[in-house]
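Reader: I would like a close look at a single part of this model, taken slowly and with the terms explained.

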Amino acid sequence: MKIAYNWLRDYLDISLAPEKVSELLTDCGLEVEGLEEVETVEGGLKGLVIGEVVSCEKHPNADKLYVTKVNVGEEALLPIVCGAPNVATGQKVVVATVNTVIHPINGESFEIKKAKIRGEVSQGMICAEDEIGLGASHDGIMVLPEHATVGMPAADFFKVESDWIFEIGLTPNRADAMSHFGVARDLLAVLKQKELVPMNQKLKTPEFNFQVDDESRTIPVEVEAEEACPRYCGITISDVTVKESPDWLKNRLRSLGLNPHNNVVDITNFILHDMGQPLHAFDADKIEGAKVVVKTLPQNTPFTTLDEAERKLHANDLMICNQNAGMCIAGVFGGISSGVTENTTNIFLESAYFNPVYIRKTAKRHGLNTDASFRFERGIDPNITMEALKRAASMIKELGGGKITSQPSDTHSTPFPNFEVNINLERINKLIGKDLTPNEIEDILKFLEIEIVQKNNSDWQLSVPPYRVDTTREADVIEDILRIYGYNEVEIPQKVNASLNFSAAFDPIKAKLTITKMLNGAGFFESMNNSLTSASEVLKTKRFYEDELVSVENPLSAELNILRPDLFVNALETTRFNLFRRQENLKLFEWGKGYLKAEPYNETQYLSLYATGATNAESWNNSPSRPVDIYYLKGLVEAVFKKFGIIDQPKFRLEELEDPSFVGGISFNWRKSNLAIVGRVKKDICADFDVKADFFFAQFNLDNLFNVLQNMKASFAKLPKFPSVRRDLALLLDDGIKFHDLKSEAFRVETKLLKDVNLFDVYSGKNLPEGKKSYALSFLLQDEEATLVDKRVDKVMDKLVNLYKQQFGAELR
């Protein structure tokens, strides 16, 4: 949001440097992301002067060019070749001299250079208004009045003003600061707190003379959708001349980057940015039936907006209608057939307070984001609606002539009530981290125009004005107190309070750091994503039902309308982003939370690992790059479990993953709790996300994992004194048998001597029966009290062979 310093000073009597104001605004929560000096005309007309055409003759070598000599107040006349059809001797014109940089309204800036045009020397340019940013016309050069002084800088003649523009990164909760008046109100509170202005200083009040001339054209208003439109005000102004706005008004709008249109439209834009109240002007003669009705229309009713696009209305889209049809999407966008044009003479002016939820949903449904919807959907001050209407009507009457021909109508003439909030002084100091005196707190509340209704020792009852739409709880009031007091005024403590703890408790942060180091060492990079995502993208994965998803009440866009249920969609989107940029070998991980509806909500910590492409980049001194597969990611997951001593525990099991997004997935479980999943994502899911590569994904449920780790006890074991013995078996097995089952059963029947079971070779195909595979297993045996002899080892191996034959139908090869 852009705020102009000169405009702020219409409300505040200050002379601080713009940099100081920028610092104060940032300190009070209105973060200034940029500060720029601007002129009402780009480039400030630097290098342009007023000149007089002394002579004008046809170019000897071109039919449509003229050779002129121009007096710009210097000793020598400037020869300038001009192609404008209206150039003539005796005209006062705007001249761009050599080395001047020109800033056209349409097109890129360019520098004027001395040149020869068809053999004739040209030392400048006689300018049209669109070539120097003073208008849109290119019919010919600008011809100035006779009183224009030759040699005068064009910036002085056109009264070009400079200003400083603050680019404020306005957060959604600061609806009270969506205008110059709102920012000035906050700035005054800060200035008083820092004693930079007198305590009795108040905001200046704009002066305007509102007077109804007669009541000859009253247009009645009927509000059918009262929930969507709590307040609607309107007034009629007749015999208006729609024309160009005066310079001061155009300059105000240009300073914010807005293009002036005409006096009526410019006044509505001025009030919007000045007071924060959006207005809409209708051509009163186009209001069929001479009646305004605020209501919704049937589903899929066609409506053509100002951009000439036909839109199908939703049944909950609030519309401003005449007696027969819609004229405007309320608070969002005007209709093509009811707006003000150059031929308009009679105006119906609207000033309303619309329900933010209705406006936000309508704007998102139609993909519209206007200055009006930006304010309505966040919530405006419902009590300035009539004041803004009267001020705008007075300005239209002043700048466009005409007369006010109706009393202002108002569907909610009683003031909207304040919010009642209770605060506790001790909680304020606890949350702020500094002890503020009751007097300091009371002063800040007065600066914020928050009334103290009642005091009961440390408990105070407050009355908060309705323009502070986000200050409805004690925490909101404390935030306002702190930002006016100053975040930087809260000192960093000089001591750290800590208690001694002699137990080696599990530390989740330490565990995360350990895992991060492991993954970094394996060549993985950390990614970070927004916890907001799109419901439609999540539903593509077929992993969640729509009623499980946590929707956002005030989504920034349709692509950010839910809280992510886990990290899967983020992984796919990050991979797509990188693949589109030719980053094909990806190894990434992400820490984050997932959110689901579950009595009422469930928040789970996750760690995701995902990879595609090759495990290592091509290099002349590397072994051939190996493509990423499920076993690569499975190995990393198991390495994490092994690091924390989980993998060899009897409660730890591997099971087949049942997930519609994965092929051949594995679920790592502790009893019935899932600790992690790993698998290859199905091709159709990848295609839905434009991921054109084999994509492998793993995800830890950190809540379950950390719960297991918290309850695990570390034990000490001496280093073995006696050597281990290895034996190998080659088994012919059915295809459906899994190594994990073989390993688990081996540990079940031999608990004393068996230390490890490993699968070191798998074969299927030629010379094997159909439906069969060959596993080569190694077994590590060790007795911690004596050296193993062959007889004991053979006895254990015979027991394992019999187990595999009887339980799995295995054959020795």
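What covers the buried residues of α2?

Author: A word on the basis comes before the helix itself. This is a predicted model, in which local features need pLDDT of at least 70 and side-chain atom pairs count only at pLDDT 80 or more, while totals for chains, interfaces and linings use all residues. Residues are numbered from 1 along each chain as its sequence is written, and side-chain values use heavy atoms, with hydrogens and water left out.

Helices (H or I, at least four residues) and strands (E, at least two) are DSSP runs, numbered from the N terminus, and α2 spans residues 18–27. Within α2, the residues P18, V21, S22, L24 and L25 are buried, where buried means under 20% relative accessible area, exposed over 50%, and partly exposed in between, with a 1.4 Å probe and protein chains only. Seen down the axis of α2, these buried residues fall within an arc of 165°, so they line one face of the helix; the arc is that of the directions from the helix axis to the C-beta atoms.

As for your question, the elements that cover those buried residues include two helices, α1 (5–8) and α4 (180–193), together with the strands β2 (32–39) and β12 (162–168); contact here means heavy atoms within 4.5 Å. Following α2 comes G29, which has a positive phi near 100°.
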